[in-house]
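User: Could you take me through the salt bridges in this protein, with the cut-offs behind each term?

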Amino acid sequence: MTTTWMKTSGQRLRKLCAAFVMVFAVGTTSTSAQEAAKDIFSDVQKEAIGEVIRDYLIANPQLMLEVMEALDAYESQAEAVQQRVAIETNREALERDGYSFVAGNPDGAITVVEFFDYRCPYCKQTGDDMAELVKRNDDVRLVLKEFPILGPNSTIASRAAIAAIPQGNYLDFHFALLGVEGTLDRDKVMEVAEAQGLDVDKLSSAMESERVDTIIDDNRALAREIGVRGTPAIVIGDELVPGAAPLDVIEARIQAIRDAAAEAG
């Protein structure tokens with residue numbers, strides 16, 4: 001992580017220094033001025049200007065920190081806007097794709113979408129919170145998106161869960177899989193399925209269908225589209241909440257949506 005930060009910071013510093021050269025040299029960052037500067041200054045002059053800027057920044061290092069902080073804030077804001085647009089564009093696929101299991105109130109006014117992996121330790125931690133969420137909020141519909149990203153065993157578990165939906169016992173199976181500690185291979189998945197009363201022969205056959213392939217592929221493509229980079233990831237309204245957000249944080253955002261709807265009439 002530190003190496004990546006240093007590399008990224010170095011790239012930013014080079015870009016910032018290049019920008020400072022243009023600002024100090026011609027008083028503007030417009031494209032036409034930058035093109036003019038290429039013709040106005042010789043290589044020797046450009047090098048001299050660079051040295052002046054370098055000395056100035058070394059003497060005033062806090063300036064670089066301030067600029068980098070401003071750049072980080074700008075990039076974060078831009079990313080958030082882009083994410084909101086992606087969520088709105090993909091609203092139907094997120095909330096009403098026709099295949100994801102919906103827990104809570106199917107007709108609820110507020111939709112929460114969770115991307116998860118059965119082998120993700122943070123998803124396991126939030127499993128109880130998600131169950132409590134729909135229990136305490138009768139206007140919430142929770143859309144569960146199978147998003148296996150932690151290897152073949154994760155995919156096996158997700159395939160089994162999707163295949164279990166037609167048998168009508170998905171939710172208990174879902175929470176049982178999240179509750180497994182240790183190895184979650186095919187044998188363990190089938191053991192859990194049998195304990196939940198599922199027909200394991202039908203399940204095993206359904207797991208290999210093209211429909212299951214398509215659902216997992218579509219979920220992965222959707223996650224990429226809206227910027228999901230890990231699990232768990234929760235979409236509430238027009239916002240993506242990464243990581244294991246506490247239940248009170250999730251409920252606060254849900255309440256904000258209720259309040260906004262009430263104000264809008």
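The turns below deal with the salt bridges and the burial of their partners.

Analyst: This is a predicted model, in which local features need pLDDT of at least 70 and side-chain atom pairs count only at pLDDT 80 or more, while totals for chains, interfaces and linings use all residues. Residues are numbered from 1 along each chain as its sequence is written, and side-chain values use heavy atoms, with hydrogens and water left out.

User: How many salt bridges does the structure hold?

Analyst: A salt bridge is counted where a side-chain nitrogen of Lys or Arg lies within 4 Å of a carboxyl oxygen of Asp or Glu. Glu88, Arg91 and Glu95 are linked in a network of such bridges. For the structure, the number of salt bridges is 11.

User: How many residues apart in sequence are the parts that Arg136 and Glu251 tie together?

Analyst: The side chains of Arg136 and Glu251 meet in a salt bridge at 2.4 Å, N to O. Helices here are DSSP runs (H or I, at least four residues), numbered from the N terminus. Because Arg136 lies in helix α6 (residues 121–136) and Glu251 in helix α12 (residues 247–264), the parts that they tie together are apart in sequence by 115 residues.

User: Is Glu251 buried or exposed?

Analyst: Buried means under 20% relative accessible area, exposed over 50%, and partly exposed in between (1.4 Å probe, protein chains only). Its partner Arg136 is partly exposed, at 48%. Glu251 has a relative accessibility of 16%, and therefore counts as buried.

Conventions:
Helices (H or I, at least four residues) and strands (E, at least two) are DSSP runs, numbered from the N terminus.
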